[in-house]
Each structure stands twice: as structure tokens, then as C-alpha cells.
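Please open the model in your viewer and keep the sequence panel beside it. The stops below say what to select next and what is found there.

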Amino acid sequence: MELDTLRDADFKLLDDAVEDWSTLVRSLGDLKKDAEDDLRKGAKNADWAGVNAKVSKEFIGKTAGEFADAHTQAKSIYEILSDTVGELKGYHRQLVDALDGGRKKNLTVIGHEGGFTVTTNAPPEARRAMDQDSKGDITALRDEIQGILDKATESDNSARTVLQALVDQSKTGFSDAGYADRDSAAEALKQADQLAALAKKNPDDLTVKDFDRINAGLKKYAGDDLFAERFATALGPKKTLEFWAGLSDPHRGNWELGRDRLEQFDDLQRNLGTTLANATQSDTAAMAGWKRTMIDIGDKPIYGNHGGPMGFQVMSNLMRTGDYDDRFLKDYGTKLMATERKFTGNGEHANTAWHSGPMAPRLNRIGEDSGVDPLTGYLKGLSNSPDAATDFFNQQFVSKNDPDNPFERDTDDDGKNGKVSLSNFQYLFEEREWPQEKNAKGDDLHTGQNNLALALEAATTGHPAGEMPTADTPLHNAQQAKLMESLVVSIADDPERLTNNGYMSDSIGQITSEYLPDLNRSLSDVKRDPGSEDWRDIEKLHPIAGAEAELAHTDVTKLLFAIGRNEEGYAAVEVGQKEYMGRLMDYHLNPDLPPDRRVSDNYQLLIEQIAGRSGEISGTLGLGVQEAIGKEASDKDKGYEHAVAQRKNTISGTVGTVVGVGTSFIATPWIGAVVGGGTGTATNVVLEAVFEDAEGQAKQAAQTTGGQFWQEGMKRNLAITSAAARAAADEYHTIDSGDAAMAAHMANRQGYLNARDIVNGQSPGSITSYS
């Protein structure tokens with residue numbers, strides 16, 4: 001900063017700017033509150049239908065979020081400007097005081113472009129006689145002024161750098177990066193540069209102290225937007241890969257880290273992955289180049305002609321933690337699958353380029369798999385990014401028109417096979433030969449396929465895997481529903497795709513629980529005809545606000561039977577269906593339900609339809625359990641009961657297991673408790689009974705056969721369903737509670753028994769033989 005600039009600075013303009021930003025922050029704070037209280041909450045509670053249900057609600061939610069981001073960014077800018085102006089005013093006062101002090105000693109300071117000069121204003125004869133002390137005064141004043149200008153320059157440059165970095169974070173909209181002061185933001189950028197410089201070192205030369213500093217710094221700043229972008233771009237794509245691969249390769253020479261810090265490699269992988277994920281959310285030009293380059297070098301050895309693992313193999317392992325940018329994940333996945341096609345002959349054989357061996361570096365330190373298969377880590381990344389996951393699975397893997405397409409199937413039951421197109425979902429779920437790995441005990445590992453199930457959970461539900469739907473979860477869209485249809489058809493076509501891979505059942509069960517309105521519609525066997533009054537009644541009976549997954553009754557039966565073979569999958573659907581049944585009772589027996597939403601005034605018939613379909617679902621699941629337990633009495637049933645009891649902890653505090661605002665039209669203003677995230681009268685009765693019963697059964701000492709489990713399940717279903725109908729009738733007085741309970745009992749029993757006939761192929765339109 002020039003001397004004249006600081007000395008003659010007019011701070012009024014800067015003060016006015018700070019005051020304007022202060023006013024803007026207050027105004028945006030009010031708008032943020034209004035957006036949250038009015039826009040977002042109004043959107044949650046509104047009666048959305050048609051296009052509005054699929055577009056407007058989500059749009060309003062995102063718009064409300066933009067107000068919050070705008071407030072955050074404005075507040076950060078205000079704090080940074082306020083800090084900087086305050087400091088510059090201080091340096092201005094110091095400079096003026098220094099100049100005044102110099103004048104008292106007959107010293108004059110003259111500023112010019114690029115610097116300044118300190119001279120004495122004493123007469124010429126006096127200058128010749130200047131003593132050493134006077135010369136020292138000139139030097140001291142020069143050094144004092146230079147120090148002030150250096151600090152003012154640093155303050156000014158720091159503010160400019162931080163503000164530019166902050167604004168560059170988002171090309172459109174606003175960044176949610178928040179800082180309470182300029183120094184914290186500047187320190188984040190400084191630390192990013194220093195840690196990136198350390199990570200650029202040859203991994204063989206990294207000391208334990210270097211490792212600890214990088215790991216601690218990434219852990220501290222992983223969630224800092226400015227830090228993440230600066231660290232990633234300063235390190236660069238290639239050096240990022242070389243850094244992690246070099247540390248992970250047991251055949252390299254850094255024995256000190258392998259000996260003293262091996263147990264912390266997993267922490268470093270998590271922290272590095274989370275930092276990079278945060279960085280990819282940035283819109284800076286440098287980060288855009290980073291993402292392009294990372295994808296470009298994905299199919300190349302990271303050491304060039306000297307070999308090493310491929311870029312995809314290294315980077316995919318860093319995707320296991322954090323929320324990566326959707327566009328980056330989509331482009332990355334497109335190139336990754338092109339590489340998969342190249343190495344497998346369009347999926348005809350296994351990928352020999354991605355296999356574990358004694359000389360392969362252990363690129364993954366989170367869990368037991370080695371990380372050599374890049375799809376394993378990439379799919380875990382997709383499980384945190386629902387939109388990217390949906391897009392990825394619906395992309396085409398190979399076209400039936402491709403002359404090198406190896407896949408043939410009989411698609412029209414004429415006994416002849418023909419070429420078929422496969423989506424990424426179909427290839428990965430049905431056809432891929434997954435690399436085989438074993439753990440230290442010699443047991444087979446299936447991490448890749450388990451991560452596939454997690455990614456499918458995110459892709460079909462619209463929320464990250466392992467979480468429950470909330471009021472902010474978007475309604476199912478057409479692409480999600482399409483994927484759900486493909487999943488159900490695939491399992492129905494070959495149930496062993498699930499039953500032979502039971503570790504996938506917890507995710508498949510959760511997916512199914514969030515599509516229960518769609519499943520219940522399919523059990524009606526009413527022809528799907530928009531012009532049919534019968535079909536319109538089904539749509540009203542099982543309302544769906546988003547896109548519907550159109551499922552066949554027989555396919556759903558096979559799906560449920562397969563899910564019932566696994567404890568976690570069974571618990572997810574069984575508890576979900578019970579809650580859904582209770583919500584339907586509360587919804588349809590409520591006399592305040594608007595006429596255009598009402599199916600019928602025949603409440604007994606409504607109860608019978610709800611209870612009957614619920615009974616069929618529980619009965620089909622129970623038959624899957626019966627198959628899993630077998631004919632010999634054992635304690636296997638305790639695992640199922642325990643899984644149901646544990647579900648209580650999973651759904652605690654959520655909108656609901658299946659029919660929250662994000663998944664069903666049942667959450668409407670007419671049932672206030674449901675809208676508010678609670679449950680209705682019948683639903684409370686159901687859930688309390690389900691969990692209490694499961695907890696009691698899990699503690700019983702008696703051993704049980706599969707057949708006994710199914711029979712006991714029917715008794716419990718009848719009691720719970722009858723209690724739900726009675727509770728709803730008592731609450732709304734639209735039907736005699738005794739009649740309601742009896743109707744529910746009889747219909748639920750018939751539905752439960754029908755499940756066995758349908759599974760055994762004895763009902764019209766059911767599968768031919770499946771038991």
C-alpha cells in the first residue's frame with residue numbers, strides 16, 4: 001500500500017459500505033426467517049398435487065435455502081469488511097502519529113510511486129553537522145513507516161484474497177461458507193497452502209510429524225469451504241492421487257509411517273475424502289479444471305510409464321466419505337463405466353485390470369476390502385448423493401444395437417434369445433463379475449455389492465443411504481420410480497439375486513418400505529386405467545404425491561418373499577407396513593377429509609381393503625421368514641423379533657418410516673399430527689403394539705419353527721390391525737368401533753391366508769410355483 005493512499009484515505013466511503021452491508025445482513029436475516037417460517041413450512045404443509053407436487057414444492061424449498069445462503073454470505077462479507085476497515089483505520093492513525101513525530105524532529109516524509117523518502121528539513125549547514133543520533137532518527141522513522149505500510153498492505157491483500165475466494169465459491173446463487181471474521185478465513189487459506197505443500201512431498205520422505213500435521217489439519221478444516229477448495233487446487237489432481245497411493249503402497253520405502261501411523265491411515269482417508277468432497281462443491285475456475293483433469297486421468301496409471309494403480313482406483317477410495325458434487329459424480333461415473341466396458345469386453349468377462357494381489361497397494365483403509373475395484377468406493381460415494389445415484393443407475397451401459405454386445409435374453413417368451421440393452425443398474429445388479437476378495441479370516445468380502453445396495457437406496461429414495469425420510473425429502477420423481485420398477489422386476493425375475501446376497505437386504509428392505517403406497521396399489525389387481533372409476537378409487541385409497549412406481553402384483557409377492565428371508569429387510573417392511581396401515585386408518589376414517597379425496601362413505605369397506613392388503617404383505621413376509629427359519633425349532637425367530645424391536649430406534653424422531661411428507665400424500669393439513677411429524681391415533685396404537693410385542697417375543701425362551709412363526713404372526717397381525725381400526729373409529733366416530741374392529745380382523749385374516757395361496761401359485765394371476 002502506498003504511503004499517500006493510507007495517509008489521505010477517506011474512510012467515509014468504506015464506513016458507508018460497511019453500514020450498507022450491516023443493513024443488508026439484517027434485511028436478509030428477516031427474509032431468511034420469513035422464507036423458513038412461511039415459504040418452507042407452507043410448502044411442507046400445502047396440498048400439493050400434479051405438477052406442483054413434483055416441481056413447486058422442491059423449488060420452493062431450494063429457494064428458501066438460497067435466502068439462508070445469501071444471509072450467510074452477506075454476514076461473512078460484512079464481518080470481513082468490518083475487520084479490515086477497523087484495521088486500516090488503526091494503521092492510518094499509526095501512520096499519522098509517526099509522521100507527526102517525525103516533524104517534531106525536523107523530518108519530512110515524501111511519498112512517491114513505489115515508495116517514500118525520509119529526509120531532514122534542517123538547513124544545509126546543519127545537515128552536514130548531523131550527528132549519528134539524527135541519522136538514526138531517519139532510519140527509525142523509515143522502518144516504522146515501512147512496518148505500518150507492510151501491515152496495512154497485508155490487511156488489504158488478505159481481505160481481497162478472502163473476499164474473492166468467498167465470491168468465487170458459487171457461480172450462481174450464494175455460497176454457504178460462513179466466517180465470523182477475516183482472520184479465520186485468511187488462516188484457513190494459509191493452512192491450505194501449507195498442508196498442500198506438505199502433501200506434495202515425495203510420500204517416501206514424509207515424516208511422522210508431517211503425517212500428523214496433515215491429518216490434524218484436514219480433520220480441523222475438512223468442512224471449511226475456502227480451505228477445501230484451496231487445498232485441492234493447490235495440491236492438484238495428479239499429486240492428490242500420488243499422495244494417497246504413495247502412502248498406501250506397502251512396497252514403497254516409508255517404513256516409519258507404516259510402523260508408527262498405520263492405525264491412523266483410515267482417519268487420514270476419511271479426512272482427505274471429506275475435504276475433497278467439500279472442494280468439489282466449489283464453482284471456482286481452478287476447481288472446475290481440477291474436476292476435469294481428475295476424470296481425464298482416471299483411466300491412466302498414476303505414475304505414467306512407470307505404472308502404478310489407475311487414477312480411478314485411487315480416487316474412488318477417497319469418495320467413501322463426504323458429499324461430492326453431483327455433476328462431478330455423474331461425469332466421473334460415465335468415464336468409469338466406459339473404462340469398465342473397455343476392460344470387460346462390454347461386460348462379457350471379469351475385469352482383470354482391477355483385481356487384488358500380493359503386489360497391489362492397499363488403497364482402502366476404511367473397512368476390509370483392498371480398494372482395487374474403483375466401483376466399490378464410487379458406489380459408496382453415490383450412496384451419499386441421491387440425485388447423482390439416480391442418474392447413474394438409469395444410464396445405459398450397453399446398447400442392443402452394439403455389435404459387441406454380449407447380452408442376450410428372451411424378452412417376449414417365444415423361446416428365442418435376442419440382444420438386449422442394459423442399464424448400469426442391470427449390469428451391476430444382474431451381470432457383473434465382481435472381483436473376489438477375502439478378509440483376514442478367509443471369509444469372502446462383498447463390500448462392492450453391499451455398496452451397490454446402499455447406492456440403490458439413495459437412488460430410489462431421494463435421501464442418503466442409512467438415513468430416514470424427513471419432511472424435506474423430495475417426492476419420488478419419475479427417474480426414481482423407474483429405477484424402483486427395474487429393481488422389483490429384477491428380483492422377481494431371479495429372487496436369488498437378493499436371497500443369495502442377504503447383506504443387500506437391509507437396503508432393499510428400506511427401499512421397499514418407502515414405496516409401500518405403490519406396493520399396496522399393485523395388490524389391488526385393479527386394471528391401471530386412468531379413466532376407470534375403480535382405478536381412481538385405488539389412487540384415492542393409496543394416494544401418492546410424487547411419481548408412482550408401477551408394479552405387478554406377482555413381482556411384489558416375489559420381492560416380499562425374498563425380503564422376508566433377511567431379518568433387517570423383514571423388519572423395515574413389516575414395521576413400515578404396520579405404520580402405513582395405521583396412517584391409512586387415520587386418514588380415511590377422518591370425516592374432515594375433503595370430498596375430492598374421499599373414496600367412499602362405506603367405512604367398513606375401506607377398513608376391509610386397508611386391512612386385507614396389509615395382511616397379505618405381512619403374510620408374504622412371514623412366509624419368507626418361515627423359509628429362512630425352516631422346519632426345525634430354533635432361536636432364529638429371535639433375530640427377527642430383535643430386528644423389529646430395534647427399528648424403534650431407527651424411526652425415532654422422523655416423520656415416519658414410509659409415509660412422511662416426502663413420500664406420500666397422506667401427510668396433509670387434515671391430519672395435523674402427521675404434518676407435524678407425529679402420528680395419528682391408530683398409528684400410535686399400531687407402533688406401540690408392534691414394538692412391545694417384538695420386545696416380548698425376543699425375550700421368550702421357547703424355540704420356534706418357521707411354521708409356528710407364521711401362525712403366531714397371523715395372530716399378532718389380527719390383534720394389531722383390529723386395535724388400529726378400533727382406535728380410529730373411537731377417534732372419528734364414522735363407524736362403530738366394534739364393527740370396525742371385526743371388519744379389520746376378518747379382512748386381515750383373509751389377506752394373511754391369501755398370501756400363502758398366492759405364493760404357492762393357487763390364485764389367478766399369481767406366480768406358478770414359488771414356495
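**The whole chain**

Of the 771 residues in the protein, 53% are buried, where buried means under 20% relative accessible area, exposed over 50% and partly exposed in between, with a 1.4 Å probe and protein chains only. This is a predicted model, in which local features need pLDDT of at least 70 and side-chain atom pairs count only at pLDDT 80 or more, while totals for chains, interfaces and linings use all residues. Residues are numbered from 1 along each chain as its sequence is written, and side-chain values use heavy atoms, with hydrogens and water left out.

Colour by secondary structure, and the protein shows 31 helices and eight strands; helices (H or I, at least four residues) and strands (E, at least two) are DSSP runs, numbered from the N terminus. Among the contacts in the protein with a separation of 6 or more, 76% are between residues 24 or more positions apart, contact meaning heavy atoms within 4.5 Å.

**Two single residues**

Select Val85, which is placed in helix α3 (residues 50–104) and is buried, with a relative accessible area of 6%. Leaving aside neighbours within four places in sequence, Val85 is in contact with Leu14, Asp15 and Val18. Between Val85 and Leu14 the C-alpha to C-alpha distance is 6.9 Å, although they are 71 residues apart in sequence.

Go next to Asn501, in the loop between α20 (496–499) and α21 (505–513), which is buried with a relative accessible area of 15%. Apart from neighbours within four places in sequence, Asn501 is in contact with Gln449 and Glu496; the C-alpha atoms of Asn501 and Gln449 are separated by 8.3 Å, with their positions 52 residues apart along the chain.

**Aromatic rings**

Now show the side chains of Phe, Tyr and Trp. Rings of these residues (for Trp, its six-membered ring) pair if their centres lie within 6.5 Å, and planes under 30 degrees apart count as stacked, over 60 as edge-to-face and the rest as tilted. By this rule there are 17 aromatic pairs. One of them is formed by Phe211 and Phe265, which are stacked at 5.5 Å centre to centre with 25° between the planes. This pair links distant parts of the chain, since Phe211 is in helix α7 (residues 208–221) and Phe265 in helix α11 (residues 265–280), 54 residues apart. Phe211 is buried, with a relative accessible area of 2%, and Phe265 is buried as well, at 3%.

Then select Trp710 and Tyr752, whose ring centres are 4.8 Å apart and whose planes are at 40°, so the pair is tilted. Because Trp710 lies in helix α30 (residues 706–732) and Tyr752 in helix α31 (residues 737–759), the pair ties together parts that are 42 residues apart in sequence. Trp710 is buried, with a relative accessible area of 2%, and Tyr752 is buried, also with 2%.

For a group of rings, select Trp290, Phe312, Tyr324, Phe328, Tyr332, Tyr378, Phe392 and Phe393, which form one aromatic cluster.

Two arginines are worth displaying next. The charged end of Arg341 sits over the ring of Phe397, 5.5 Å from its centre, and that of Arg716 sits over the ring of Phe709, 5.8 Å from its centre; the criterion is that NZ of Lys or CZ of Arg is within 6 Å of the ring centre and within 35 degrees of the ring normal.

**A closed space**

Stay with Arg716 and add Tyr570, Glu574, Glu641 and Asp693: of the 17 residues that line the largest cavity, these five lie nearest its centre. On a 1 Å grid over the protein atoms alone, a cavity is a set of points where a 1.4 Å probe fits but cannot get out, a pocket is an open set with protein on both sides within 12 Å along at least five of seven lines, and lining residues have an atom within 4 Å of a point. The largest cavity has a volume of about 180 Å³, a volume being the space filled by probe spheres set on the points, with grid points joined across faces, edges and corners. Helix α30 gives the most to the lining of the largest cavity, with five residues.

**An open space**

Finally, which residues are the closest to the centre of the second largest pocket? The second largest pocket has a volume of about 510 Å³, and of the 22 residues that line it, Arg409, Thr411, Gln426, Glu430 and Val489 are the closest to its centre. Helix α19 (478–493) is among the elements that give two or more residues to the lining of this pocket, and α19 gives the most, with six residues.
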